[in-house]
Amino acid sequence: MIKIENLKVIFGELNVLKNISLNINKGEVIALIGPSGAGKSTLLRCINFLTKPTAGRIIVDGFVFDSEKYTKQDILKLRKKTAMVFQNYNLLKNKTALENIMEPLIIVQKKQKKEAEKTASNLLAKVGLIDKRDSYPKELSGGQQQRVGIARAMAVNAQVILFDEPTSSLDPELVGEVLSVIKQLTLEDNKTMLIATHEMKFAREVADKIIFLESGHIGSIGTPDQIFQNCKNRRIRKFVSQIA
Ligand code: ADP
Ligand code: MG
């Protein structure tokens with residue numbers, strides 16, 4: 001479903017991603033872990049073209065995106081195939097919960113308003129917020145806003161959902177409700193998901209594979225047991241034990 005070939009990102013003097021290559025199968029849930037500044041957000045943002053790769057190819061669902069030669073149309077195609085859930089929700093402040101979810105249905109999927117409303121209602125129900133359909137973001141808790149953010153990402157109907165630390169802006173008591181919505185989606189939908197997170201227990205529970213990113217390269221990739229129990233790499237053992 002996702003194939004990344006020799007992806008590089010250089011910001012000024014800084015090599016943020018150093019020649020990353022990676023294969024992810026359809027329906028796999030991947031947890032992306034690693035220290036702050038390792039390049040987790042940059043990697044996710046490249047897959048959605050929110051960050052422009054310096055070099056390399058990104059292939060999503062058969063569509064080849066080559067950072068050396070691409071058109072505006074190619075960027076749109078990539079964005080149709082991938083949807084992003086942001087750390088800070090990024091909801092439109094002057095639109096209700098329902099309208100925030102209708103937005104990609106109308107703009108990306110070109111649905112009629114009535115149909116968009118129906119689909120958006122179903123998605124809101126799925127994240128347990130149907131009673132908040134007419135609330136504005138400022139009337140919602142952080143956890144509720146993020147659940148709207150997740151429903152909005154689902155609305156794009158992309159094959160791949162990218163989560164960039166979806167709970168790290170939340171007060172501790174609100175983290176659980178968001179993680180349980182994501183967990184439920186991993187069980188119900190056969191979407192391919194890439195989740196950058198510092199929630200190690202959650203990563204261990206939901207992920208098929210864990211990628212440990214350090215200083216812009218893949219330090220290790222393996223099943224949760226391989227990374228959390230039997231990891232030979234001392235730095236990774238130290239990282240997961242400090243944070244778990
Ligand atoms: P992570 O998500 O793992 O914390 P990031 O991908 O956000 O890491 O950042 C990786 C590195 O790239 C950091 O050193 C960060 O300061 C740098 N960086 C990220 N975005 C930019 C940018 N737009 N311009 C310059 N440096 C950036
Ligand atoms: Mg980040």
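Good morning. I shall begin with one residue, L32. Setting aside positions up to four places away in sequence, L32 touches K40, L43, L194, I195, A196, I211 and L213. L32 also belongs to the largest nonpolar core, a group of 75 residues, in which I30, L32 and I101 touch the most other members. The largest share of this core comes from helix 5, residues 142-155, with 6 residues. As a general remark, nonpolar side chains tend to be buried together in soluble globular proteins.

Before going further, I should state that this is a predicted model. The mean pLDDT of the protein is 94, and 99% of its residues reach 70 or more. For the complex, the predictor gives an ipTM of 0.97 and a pTM of 0.94.

Let me turn to the overall architecture. The secondary structure of the protein amounts to 9 helices and 10 strands. With a radius of gyration of 18 Å, close to the 18 Å that the globule rule gives for 244 residues, the protein is as compact as a globular protein of that length. The C-alpha trace spans about 50 × 45 × 30 Å along its principal axes. Of the 244 residues, 43% are buried. If one takes the contacts between residues at least 6 apart in sequence, 64% of them join residues at least 24 apart.

I come now to the ligand. Which residues surround ligand 1? The shell consists of F11, L14, V16, G34, S36, G37, A38, G39, K40, S41 and T42. By class, these residues divide into 4 nonpolar, 6 polar and 1 charged. Two elements, strand 2 (14-24) and helix 1 (40-47), each supply at least two residues of the shell. Helix 1 gives the most, with 3 residues.

Helix 1 merits a closer look. How many of its residues are buried? The count is 7 of 8, and the helix is thus mostly covered. The buried positions are K40, S41, T42, L43, L44, C46 and I47. Among them, K40 and L43 are contacts of L32, and K40, S41 and T42 also stand in the shell around ligand 1. Just after the helix, F49 takes a positive phi of about 55 degrees.

On the other side of helix 1 in sequence is A38, in the loop between strand 3 (29-33) and helix 1. A38 is part of the ligand shell. Is A38 buried or exposed? With 23 other C-beta atoms within 10 Å, A38 is buried. Beyond residues up to four places away in sequence, A38 touches L213, E214, S215 and G216. L213 is also a contact of L32. The C-alpha atoms of A38 and F212 are separated by 9.2 Å, although the two residues are 174 apart along the chain.

A second helix to consider is helix 3, residues 97-107. Its buried residues are A97, L98, N100, I101, M102, P104 and L105. I101 has already been named as a core member that touches many others, in the company of I30 and L32. The cover over the buried residues of helix 3 includes helix 4 (113-126) and helix 5.

Two further backbone details deserve mention. N19, which lies in strand 2, has a positive phi of about 60 degrees although it is not a glycine. N19 counts as partly exposed, because it has 14 C-beta neighbours inside 10 Å. Y89 is also not a glycine, and its phi is near 65 degrees, again positive. Y89 is placed in the loop between strand 6 (82-85) and helix 3. With 21 C-beta neighbours inside 10 Å, Y89 counts as buried; the threshold for that class is 20 or more.

Finally, I should like to consider L174, found in helix 6, residues 172-188. Why does L174 count as partly exposed? It has 18 C-beta neighbours inside 10 Å, whereas a buried residue needs 20 or more. Apart from neighbours within four places in sequence, L174 is in contact with S141, G142 and G143. G142 and G143 fall within the range of helix 5, residues 142-155. Between L174 and F49, 125 residues apart along the chain, the C-alpha separation is 30 Å.

That concludes my presentation, and I thank you for your attention.

Technical notes
Residues are numbered from 1 along each chain as its sequence is written. Chains are lettered from A and ligands numbered from 1 in the order in which they are written. This is a predicted model: local features need pLDDT of at least 70, side-chain atom pairs count only at pLDDT 80 or more; totals for chains, interfaces and linings use all residues. pLDDT is the predictor's confidence in each residue, from 0 to 100. A nonpolar core is a set of buried Ala, Val, Leu, Ile, Met, Phe, Trp, Tyr and Cys residues joined through C-beta atoms within 7 Å. A residue is buried if 20 or more other C-beta atoms lie within 10 Å of its own, exposed if 12 or fewer, and partly exposed in between; C-beta atoms are placed from the backbone. Helices (H or I, at least four residues) and strands (E, at least two) are DSSP runs, numbered from the N terminus. Two residues are in contact if their C-beta atoms, placed from the backbone, lie within 7 Å. A residue is near a molecule or strand if its C-beta atom, placed from the backbone, lies within 6 Å of it. Ala, Val, Leu, Ile, Met, Phe, Trp, Tyr, Cys and Pro count as nonpolar, Asp, Glu, Lys and Arg as charged, and the others, Gly among them, as polar. The radius of gyration is taken over C-alpha atoms; the globule rule is 2.2 Å times the number of residues to the power 0.38.
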